[in-house]
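Here is a short tour of one protein model. Keep the sequence and the 3D view open as you read.

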Amino acid sequence: MTTSETEATSAGGPPGHEPEPGRSSLASELVRAGTVGLIAAFVGFSSSFAIVLEGLTRVGADRAEAASGLMALCVAMGACAIFLSLRLRMPISVAWSTPGAALLAGAASVDGGFAAAVGAFLVTAALIVLTGLWKPLGRWVSAIPKPLANAMLAGILLPLCLAPAKAVQEKPALGLAIVGVWAVVGTFKKLYAVPAAVVVAVVLITATTHISAADLGPLWPRPELVTPHFTAAAVIGIALPLYVVTMASQNIPGIAVLNVNGYEPEPGPLFGWTGAFGLASAPFGGHAVNLAAITAALCADENAGPDPRKRYRAAAIGGGAYILLGLGAGAAVAFVGAAPPTLIEAVAGLALLGALGNSLVGAVTDPGDREAAVVTLVVTVSGVQFFGISGAFWGLLAGGALYAAKRRLPVK
């Protein structure tokens, strides 16, 4: 990693950009960068922490283990963002894998419990590290047909995205209030729609649900070290799909966001370092650490400051904010555990609607690949399991078989 990182660091930021001295004082620049970094961290956390908790719980984590996993992820991705941003002097934003959490939330219980899931998390992180070190693996991931990868992700997301409609049916007043705020805010500022829905959900749940101190329990998380258990079913059914969706939906778009804003770091070291921090968080319940995609744009564009070579401060401050948010993971888990599940799931579903739309478009745009993509989607969303392996793997396998057959056999 050292050589390419040194080359990236020596670049000092996007080529062709020169600093603009005199535009603002150091204090105002830091305030601007700090504000953007804090917003990015809050948006990233509030938009998807409920999905992460749902995913960890679904694969066997108890309340303490879920709080530990959320804290481990926040600390790992915050520390990774600070490390990479200061090392490369680029706004490298880091996040957890939201599509990966959705994959876990749609999975059935894992044979071997949470220990087997942790073993799968370690395998996923190791594969991401290997992708950074060994370029052929990255090329193999890129060779997975995009319609099939998008269809698999859509199949994972679809059941979760039905939650807002179910919430409106079960709790009409509260469900409509949450969905209405999301729709109204999204009309003016799409990025803040889900955080606004989270705030409204918290207020409504607090006002309408009796939550005692006993229900909440301890508010501060404690690291829970889980001894991993490696099983073939968890590796094939969780680790491999988790690796594919993390690379395709987070790491690769994360690089694209940096490139669009004029930054051109070597991808390999970024993958390698995020995977290494993922390895550190996995034994404590963290499912995947990767490059941010959506919130990365906040720290990489002119919102973070006029001088592109100083925008790394926003990403570093955002990393610090993630660490602080991680210290409140126990309170988040306690509140979610005591709240009506329908409303929490509704917020998670709203957060995933954009990703579902993008995945569906990417899956069916090409008429020639549409049938294979639809097969991938329906098998994935069916939830079928064979040998304890989840539907995401079988969906990709079934769609891939049809995709290959159509290219080998003449079309009549």
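Thr-246 sits in helix H12, which covers residues 232–260. This model is predicted. Thr-246 has a relative accessible area of 0%, so it counts as buried.

What does Thr-246 touch, apart from its neighbours within four places in sequence? Its contacts are Ser-97, Ile-128, Asn-251, Ala-288 and Asn-290. With one of these, Ser-97, there is also a polar contact: side chain to side chain, at 3.0 Å. Now look at Gly-100. In sequence, Gly-100 and Thr-246 are 146 residues apart. In space, their C-alpha atoms are 6.2 Å apart.

A second threonine, Thr-376, belongs to helix H18, residues 367–382. Is Thr-376 buried or exposed? Thr-376 is buried, because its relative accessible area is 0% and the cut-off for buried is under 20%. Setting aside neighbours within four places in sequence, Thr-376 is in contact with Leu-148, Ala-151 and Met-152. Its other contacts are Gly-395, Leu-396 and Gly-399.

Next, the cysteines. A disulfide is a covalent bond between the sulfur atoms of two cysteines. How many disulfides does a search of the whole structure find? The search finds zero. Cys-161 is buried, and Cys-299 is buried too.

The table gathers the relative accessibility of four residues.

| Residue | Relative accessible area | Class |
|---|---|---|
| Thr-246 | 0% | buried |
| Thr-376 | 0% | buried |
| Cys-161 | 9% | buried |
| Cys-299 | 1% | buried |

Now turn to empty space. Rolling a probe the size of a water molecule over the atoms shows where empty space is left. The second largest pocket holds about 520 Å³ of space. It is lined by 27 residues. Which of them lie closest to its centre? They are Glu-54, Arg-58, Pro-341, Ile-344 and Glu-345.

Several helices build this lining. Helices H2 (26–58), H3 (63–88), H7 (146–161), H8 (163–170), H16 (329–338) and H17 (341–364) each supply at least two residues. Which helix gives the most? H17 does, with seven residues.

What is the lining of the second largest pocket made of? Its residues divide into 16 nonpolar, five polar and six charged.

Terms used. Residues numbered from 1 in each chain as written. Predicted model: local features only at pLDDT ≥ 70, side-chain atom pairs only at ≥ 80, totals over all residues. Heavy atoms only, no water. 1 Å grid on protein atoms, 1.4 Å probe; cavity = no way out; pocket = protein on both sides within 12 Å on 5 of 7 lines; lining within 4 Å. Points joined across faces, edges and corners; volume = space filled by probe spheres on them. Helix = DSSP H or I, 4+ residues; strand = E, 2+ residues; numbered from the N terminus. Nonpolar A, V, L, I, M, F, W, Y, C, P; charged D, E, K, R; others polar. Buried < 20%, exposed > 50% of the residue type's maximum accessible area, 1.4 Å probe, protein only. Contact = heavy atoms within 4.5 Å. Polar contact = N/O pair within 3.5 Å; in protein donor to acceptor, adjacent residues only side chain to side chain. Disulfide = S-S within 2.5 Å.
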